[in-house]
Amino acid sequence: MTDHRDPMRRCIICRQSLPADAMLRLIVDEEGQIWPDLLRQLPGRGAYHCMGDGCLSACSDKRLQVLKKDFSVVFPQWEALRLRIEHVLDKQQQRMFSRLGRTAAIGRDAVMHRLWNNAPVVLLLAEDAGDALVRQIQDAADKRGHAGDGCELVRVAGRDWLGRMLGRDQVAVAALDASAMAGKLKQYCVWYGRMKVSG
Ligand SMILES: [Zn+2]
(Lines give C-alpha, C1' and ligand atoms only; values in the text may rest on other atoms or scores of the structure.)
Protein backbone atom coordinates (compact mmCIF):
# COMPACT_ATOMS: atom_id res chain seq x y z
CA MET A 1 0.00 0.00 0.00
CA THR A 2 2.75 2.45 -0.89
CA ASP A 3 0.93 3.81 -3.92
CA HIS A 4 1.27 7.59 -3.71
CA ARG A 5 -2.08 8.10 -5.37
CA ASP A 6 -3.67 6.35 -2.45
CA PRO A 7 -2.06 7.63 0.76
CA MET A 8 -2.78 6.26 4.20
CA ARG A 9 -5.26 8.14 6.37
CA ARG A 10 -6.19 7.83 10.01
CA CYS A 11 -9.78 7.15 11.09
CA ILE A 12 -11.09 9.90 13.37
CA ILE A 13 -12.86 7.31 15.55
CA CYS A 14 -10.50 4.31 15.88
CA ARG A 15 -7.24 6.05 14.85
CA GLN A 16 -6.42 3.13 12.58
CA SER A 17 -4.50 3.98 9.39
CA LEU A 18 -5.92 2.67 6.13
CA PRO A 19 -5.58 3.54 2.44
CA ALA A 20 -7.69 6.65 1.81
CA ASP A 21 -9.51 4.76 -0.93
CA ALA A 22 -10.94 2.34 1.64
CA MET A 23 -12.34 5.14 3.80
CA LEU A 24 -15.00 7.83 3.71
CA ARG A 25 -13.69 11.37 3.40
CA LEU A 26 -15.52 14.06 5.34
CA ILE A 27 -15.22 17.79 4.88
CA VAL A 28 -16.43 20.69 7.03
CA ASP A 29 -18.01 23.70 5.35
CA GLU A 30 -17.94 27.34 6.42
CA GLU A 31 -21.10 26.90 8.48
CA GLY A 32 -19.50 24.11 10.48
CA GLN A 33 -21.53 21.40 8.76
CA ILE A 34 -19.87 18.06 8.08
CA TRP A 35 -20.40 16.52 4.63
CA PRO A 36 -19.45 13.16 3.18
CA ASP A 37 -17.13 13.50 0.17
CA LEU A 38 -17.67 10.07 -1.32
CA LEU A 39 -15.61 10.63 -4.46
CA ARG A 40 -12.88 12.53 -2.59
CA GLN A 41 -13.11 15.45 -4.95
CA LEU A 42 -14.16 18.36 -2.75
CA PRO A 43 -11.48 20.93 -2.00
CA GLY A 44 -10.09 21.65 1.41
CA ARG A 45 -8.76 19.56 4.22
CA GLY A 46 -10.63 16.39 4.97
CA ALA A 47 -11.07 14.00 7.85
CA TYR A 48 -11.52 10.27 7.39
CA HIS A 49 -13.91 7.66 8.78
CA CYS A 50 -13.08 3.98 8.23
CA MET A 51 -16.80 3.01 8.06
CA GLY A 52 -16.05 -0.17 9.98
CA ASP A 53 -18.83 -1.83 11.97
CA GLY A 54 -17.38 -0.78 15.31
CA CYS A 55 -16.64 2.79 14.24
CA LEU A 56 -20.14 3.28 12.88
CA SER A 57 -21.88 2.01 16.00
CA ALA A 58 -19.46 4.01 18.18
CA CYS A 59 -19.92 7.20 16.15
CA SER A 60 -21.73 9.92 18.07
CA ASP A 61 -21.61 13.66 18.67
CA LYS A 62 -19.26 12.97 21.53
CA ARG A 63 -16.85 11.02 19.35
CA LEU A 64 -17.06 13.65 16.60
CA GLN A 65 -15.82 16.31 19.02
CA VAL A 66 -12.33 15.22 17.96
CA LEU A 67 -12.92 17.26 14.77
CA LYS A 68 -12.86 20.46 16.85
CA LYS A 69 -9.10 20.16 16.96
CA ASP A 70 -8.83 21.02 13.26
CA PHE A 71 -12.23 22.41 12.24
CA SER A 72 -14.97 24.56 13.68
CA VAL A 73 -17.92 22.19 13.76
CA VAL A 74 -21.49 22.82 14.89
CA PHE A 75 -22.99 20.27 17.32
CA PRO A 76 -25.11 18.21 17.56
CA GLN A 77 -24.57 16.86 14.10
CA TRP A 78 -24.21 13.08 13.98
CA GLU A 79 -27.86 12.45 13.08
CA ALA A 80 -27.70 14.98 10.23
CA LEU A 81 -24.38 13.59 9.06
CA ARG A 82 -25.73 10.03 9.15
CA LEU A 83 -28.61 11.07 6.86
CA ARG A 84 -26.22 12.85 4.52
CA ILE A 85 -23.99 9.79 4.28
CA GLU A 86 -26.97 7.51 3.60
CA HIS A 87 -28.23 9.93 0.99
CA VAL A 88 -24.96 10.22 -0.98
CA LEU A 89 -24.40 6.48 -0.77
CA ASP A 90 -27.91 5.84 -2.03
CA LYS A 91 -27.50 8.28 -4.95
CA GLN A 92 -24.07 6.98 -5.90
CA GLN A 93 -25.18 3.35 -5.74
CA GLN A 94 -28.16 4.21 -7.92
CA ARG A 95 -25.83 5.79 -10.48
CA MET A 96 -23.51 2.78 -10.49
CA PHE A 97 -26.33 0.24 -10.61
CA SER A 98 -27.84 1.99 -13.59
CA ARG A 99 -24.53 1.49 -15.42
CA LEU A 100 -23.66 -2.00 -14.17
CA GLY A 101 -27.21 -3.31 -13.90
CA ARG A 102 -27.58 -3.67 -17.66
CA THR A 103 -25.24 -6.67 -17.66
CA ALA A 104 -26.30 -8.00 -14.26
CA ALA A 105 -27.86 -11.39 -13.68
CA ILE A 106 -31.04 -10.68 -11.73
CA GLY A 107 -33.00 -13.25 -9.71
CA ARG A 108 -32.18 -16.79 -8.62
CA ASP A 109 -32.26 -18.58 -11.97
CA ALA A 110 -30.20 -15.99 -13.80
CA VAL A 111 -27.67 -15.85 -10.94
CA MET A 112 -27.36 -19.66 -10.74
CA HIS A 113 -26.75 -19.71 -14.46
CA ARG A 114 -24.13 -16.97 -14.18
CA LEU A 115 -22.38 -18.95 -11.45
CA TRP A 116 -22.02 -22.03 -13.66
CA ASN A 117 -19.58 -20.25 -15.89
CA ASN A 118 -16.58 -19.31 -13.82
CA ALA A 119 -16.16 -15.64 -14.67
CA PRO A 120 -15.53 -13.56 -11.52
CA VAL A 121 -18.67 -12.01 -10.09
CA VAL A 122 -19.85 -9.84 -7.25
CA LEU A 123 -22.93 -11.47 -5.70
CA LEU A 124 -25.45 -9.22 -4.01
CA LEU A 125 -27.81 -10.99 -1.65
CA ALA A 126 -30.63 -9.14 0.11
CA GLU A 127 -30.71 -9.29 3.94
CA ASP A 128 -34.27 -10.64 3.73
CA ALA A 129 -33.55 -13.10 0.90
CA GLY A 130 -34.62 -16.10 2.98
CA ASP A 131 -32.48 -18.93 4.37
CA ALA A 132 -33.17 -21.44 1.59
CA LEU A 133 -32.09 -19.04 -1.15
CA VAL A 134 -29.06 -17.88 0.85
CA ARG A 135 -27.96 -21.53 1.29
CA GLN A 136 -28.50 -22.32 -2.38
CA ILE A 137 -26.50 -19.32 -3.57
CA GLN A 138 -23.78 -19.90 -0.99
CA ASP A 139 -23.44 -23.58 -2.05
CA ALA A 140 -23.29 -22.68 -5.73
CA ALA A 141 -20.65 -20.03 -4.99
CA ASP A 142 -18.59 -22.50 -2.93
CA LYS A 143 -18.70 -25.16 -5.65
CA ARG A 144 -17.08 -22.94 -8.21
CA GLY A 145 -13.52 -23.63 -9.36
CA HIS A 146 -11.85 -21.32 -6.89
CA ALA A 147 -14.12 -21.37 -3.90
CA GLY A 148 -14.38 -17.94 -2.36
CA ASP A 149 -12.02 -16.58 -4.99
CA GLY A 150 -13.40 -14.51 -7.85
CA CYS A 151 -16.81 -14.70 -6.24
CA GLU A 152 -17.51 -12.12 -3.59
CA LEU A 153 -20.76 -12.33 -1.70
CA VAL A 154 -22.22 -9.19 -0.17
CA ARG A 155 -25.36 -8.89 1.93
CA VAL A 156 -27.29 -5.79 0.92
CA ALA A 157 -30.07 -3.76 2.54
CA GLY A 158 -33.13 -5.74 1.36
CA ARG A 159 -35.24 -6.98 -1.56
CA ASP A 160 -37.10 -3.69 -1.92
CA TRP A 161 -33.88 -1.73 -1.93
CA LEU A 162 -32.05 -4.00 -4.39
CA GLY A 163 -35.15 -3.99 -6.58
CA ARG A 164 -35.26 -0.21 -6.59
CA MET A 165 -31.56 -0.07 -7.47
CA LEU A 166 -32.08 -2.41 -10.43
CA GLY A 167 -35.35 -0.87 -11.59
CA ARG A 168 -37.46 -3.88 -10.53
CA ASP A 169 -40.07 -4.57 -7.90
CA GLN A 170 -38.11 -6.74 -5.51
CA VAL A 171 -34.79 -8.49 -6.12
CA ALA A 172 -33.43 -11.07 -3.66
CA VAL A 173 -30.18 -11.79 -5.47
CA ALA A 174 -28.16 -10.36 -8.33
CA ALA A 175 -24.70 -10.96 -9.79
CA LEU A 176 -22.50 -8.28 -11.33
CA ASP A 177 -19.51 -9.03 -13.52
CA ALA A 178 -16.39 -8.27 -11.51
CA SER A 179 -14.77 -4.94 -12.42
CA ALA A 180 -13.18 -2.01 -10.66
CA MET A 181 -16.56 -0.27 -10.57
CA ALA A 182 -18.32 -3.37 -9.25
CA GLY A 183 -15.68 -3.57 -6.52
CA LYS A 184 -16.31 0.03 -5.57
CA LEU A 185 -20.05 -0.50 -5.65
CA LYS A 186 -19.59 -3.51 -3.37
CA GLN A 187 -17.77 -1.30 -0.88
CA TYR A 188 -20.61 1.24 -0.92
CA CYS A 189 -23.17 -1.57 -0.47
CA VAL A 190 -21.27 -2.82 2.58
CA TRP A 191 -21.09 0.69 4.07
CA TYR A 192 -24.75 1.28 3.38
CA GLY A 193 -25.70 -2.01 5.00
CA ARG A 194 -23.67 -1.12 8.10
CA MET A 195 -25.28 2.32 8.29
CA LYS A 196 -28.70 0.69 8.23
CA VAL A 197 -27.78 -1.83 10.93
CA SER A 198 -26.14 0.70 13.24
CA GLY A 199 -28.97 3.23 12.76
ZN1 LIG B 1 -12.43 3.56 12.40
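# A chat about pockets, zinc and a few odd residues

Mentor: Let's start with empty space: the largest pocket holds about 190 Å³. Keep in mind that this is a predicted model.

Trainee: Okay! Which residues are closest to the centre of that pocket?

Mentor: Those are R10, I12, R15, A47 and D70, and they belong to a lining of 13 residues.

Trainee: And which elements give two or more residues to the lining?

Mentor: Two strands do that, β1 and β5.

Trainee: How do people find empty space in a model anyway?

Mentor: You roll a probe the size of a water molecule over the atoms, and that shows where space is left empty.

Trainee: Neat. New topic: what are the protein donors of the zinc ion?

Mentor: Four cysteine sulfurs: the SG atoms of C11, C14, C50 and C55. They lie 2.3 to 2.4 Å from the zinc ion.

Trainee: Why is the arrangement around the zinc ion tetrahedral?

Mentor: Look at the angles. The 4 donor atoms subtend 100 to 119 degrees around the zinc ion, and four donors count as tetrahedral if all angles lie between 85 and 135 degrees.

Trainee: How are the donor residues spaced in sequence?

Mentor: The pattern is C-x2-C-x35-C-x4-C. C11 sits in the loop between β1 (8-10) and β2 (17-19), while C50 sits in the loop between β5 (47-49) and α1 (53-58), so this pair ties together parts that are 39 residues apart in sequence.

Trainee: Are C11 and C50 buried or exposed?

Mentor: Both are buried. For C11 the relative accessible area is 0%, and anything under 20% counts as buried.

Trainee: With those cysteines about, how many disulfides does the structure hold?

Mentor: It holds 0 disulfides. Take C59 as an example: the closest cysteine sulfur to its own is in C55, 8.0 Å away, which is too far for a bond. A disulfide needs the two sulfur atoms within 2.5 Å.

Trainee: And is C59 buried or exposed?

Mentor: C59 is buried, since its relative accessibility is 6%.

Trainee: Does a record say anything here? I mean, which residues does UniProt list for "domain: YlxR"?

Mentor: The UniProt record, an unreviewed entry, lists residues 9-64 under that name. In the model, that span is 18% helix and 30% strand, and its end C-alpha atoms are 17 Å apart.

Trainee: Let's go back to R15 from the pocket. Where does it lie?

Mentor: R15 is in the loop between β1 and β2. At 42% relative accessibility, R15 is partly exposed. Its C-alpha atom is 9.1 Å from that of C50, a residue 35 positions away along the chain.

Trainee: What about the phi of R15?

Mentor: R15 has a positive phi, about 70 degrees, although it is not a glycine. Most residues other than glycine have a negative phi.

Trainee: Which other residue could I look up for a positive phi?

Mentor: Try R40, whose phi is near 50 degrees and which is also not a glycine. You will find R40 in the loop between β4 (34-37) and β5. With a relative accessible area of 31%, R40 is partly exposed.

Trainee: And the peptide bond from F75 to P76, is it cis or trans?

Mentor: That bond is cis, with omega near 0 degrees. Most peptide bonds are trans. P76 belongs to the loop between α2 and α3 (78-100).

Trainee: Okay, helices next. Where is K62?

Mentor: K62 is in helix α2, which covers residues 61-64. K62 is exposed, at 72% relative accessible area. Its C-alpha atom is 18 Å from that of Q16, and the two residues are 46 apart along the chain.

Trainee: What about L83, buried or exposed?

Mentor: L83 is exposed, with a relative accessible area of 56%. It is found in helix α3. Between the C-alpha atoms of L83 and V173 there are 26 Å, and the two residues are 90 apart along the chain.

Trainee: Last one: where does L125 lie?

Mentor: L125 is in strand β7, residues 121-126. L125 is buried, at 1% relative accessible area. The C-alpha atoms of L125 and A172 are 6.0 Å apart, with their positions 47 residues apart along the chain counted as separation.

Terms used: Residues are numbered from 1 along each chain as its sequence is written. This is a predicted model: local features need pLDDT of at least 70, side-chain atom pairs count only at pLDDT 80 or more; totals for chains, interfaces and linings use all residues. Side-chain values use heavy atoms; hydrogens and water are left out. Donors are N, O and S atoms within 2.8 Å of the metal (3.2 Å for Na, K and Ca); water is not among the atoms, so sites may look incomplete. Four donors count as tetrahedral if all angles lie between 85 and 135 degrees; four count as square planar and six as octahedral if opposite donors are over 155 degrees apart and all others between 65 and 115; anything else is irregular. Helices (H or I, at least four residues) and strands (E, at least two) are DSSP runs, numbered from the N terminus. Buried means under 20% relative accessible area, exposed over 50%, partly exposed in between (1.4 Å probe, protein chains only). UniProt positions are given in the numbering used here, feature names are shortened, and annotations may be inferred rather than shown by experiment. On a 1 Å grid over the protein atoms alone, a cavity is a set of points where a 1.4 Å probe fits but cannot get out, and a pocket is an open set with protein on both sides within 12 Å along at least five of seven lines; lining residues have an atom within 4 Å of a point. Grid points are joined across faces, edges and corners, and a volume is the space filled by probe spheres set on the points.
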